[in-house]
Amino acid sequence: MNLTLEKRDRICFLGDSITANGRWIAEITEFFLQNYPELEIGLYNCGISGSKGYEANVKNRLYADCLNLFPKYVVVMFGMNDTWPHLYNPNCPEPDKVEKRERQLAGYRGTLEEITGYCKKEGVTPILCAPTAYDEYNDLPGDNHFADIALRTCRDIAEQFAKENGLIFVDMHSTIKEHISEKPVSDDRVHPNEFGHHLMAEAFLTAIGAKDKPEPNKACVLSETNQKRFETEQKIRTIMFLERDCMLWQYNPSLSLEERKKQVQERMNRNIEPWIQARGTEYFENVDYLDELRGELVKLTREMYN
């Protein structure tokens, strides 16, 4: 492998909803479980839905939700929320659309510089991933066919930055595009489905040298303990999404749990969107047990290898 791994090393994955959804990380975990069980590697999902790259540098985000796990490597994947796709539409009426695009892309590169700088300062090695592709090919409900132009540009920026700084680069964008006719993306044209997550896991394992080549058609079945671990981690990611992106409580950390729960209930009462109702319901089911869930996650990680 291109990674130097020792027993019980940790790898954290920092990103937006495509990281938070996490099936690809569970598949990577399964690979280590089946092929390098003696290493007992811990892989931890630190993605938050809706997150932009620069928000990872907000107080209590990068450190409290990622570096606090003392990883050896941090996998960084942003870009999906860091640009405005409508600015790439030739019919966009905004007179300064080109300047706005350039500022956003410069900000994206600056984000990579800042995150990798913080990681290196803490003795952590970053690994860069290109954002996944927007499906502009298949017949799906979404109609914004200009989104992928921005993501391709982010891919190029991330690859060049990785090359300049001697970092491992994982081309998630090209991986999804290569198989786009096989429909690796869900109906929203943005989020990879289970097949897309499998492609991402294969791309990652190949990029770090754990596999000689990807096996896109070889399905991965999670072991019972790994599946339980994945489900536990997803509960934690839902809580983190509501508290750190949806409700932005990192700006007011003094709020008590009861005050936070009250605010979530108020938002659910005034918002009929299915996603906030579903996430809110899951939040109330689990938030009282956040510390226990985190402990259970580490416990399940150890149990997988036993």
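1. In which sense do strand β3 and β4 pair, and over how many bridges? This is a predicted model. In it, β3 (residues 73-77) and β4 run in the parallel sense, joined over four bridges. One pairing to look up is Val-74, whose bridge partner in β4 is Pro-126.

2. The link from β3 to β4 deserves a look. Helix α4 (residues 97-121) belongs to this unit. Together, β3, α4 and β4 form a β-α-β unit, and that unit is right-handed.

3. β4 also pairs with strand β5 (residues 169-170). The sense is again parallel, here over two bridges. Leu-128 stands opposite Phe-169 of β5.

4. How much of β4 is covered? The strand spans residues 125-129, and four of its five residues are buried. It is thus described as mostly covered.

5. Now Asp-16. Its place is the loop between β1 (10-15) and α1 (17-20). Is Asp-16 buried or exposed? Its relative accessible area is 2%, and the cut-off for buried is under 20%, so Asp-16 counts as buried.

6. What does the side chain of Asp-16 meet? One of its polar atoms lies 3.1 Å from the backbone nitrogen of Ile-18.

7. Contacts of Asp-16 beyond four places in sequence come next. They include Gly-47, Ile-48, Ser-49 and Ser-51. Met-77, Phe-78, Gly-79, Met-80 and Asn-81 are also in contact with Asp-16. Of these, Met-77 falls within β3, residues 73-77.

Conventions. Residues numbered from 1 in each chain as written. Predicted model: local features only at pLDDT ≥ 70, side-chain atom pairs only at ≥ 80, totals over all residues. Heavy atoms only, no water. Buried < 20%, exposed > 50% of the residue type's maximum accessible area, 1.4 Å probe, protein only. Polar contact = N/O pair within 3.5 Å; in protein donor to acceptor, adjacent residues only side chain to side chain. Contact = heavy atoms within 4.5 Å. Pairing = 2+ DSSP bridges. Right-handed = clockwise from strand over helix to strand, strands pointing away.
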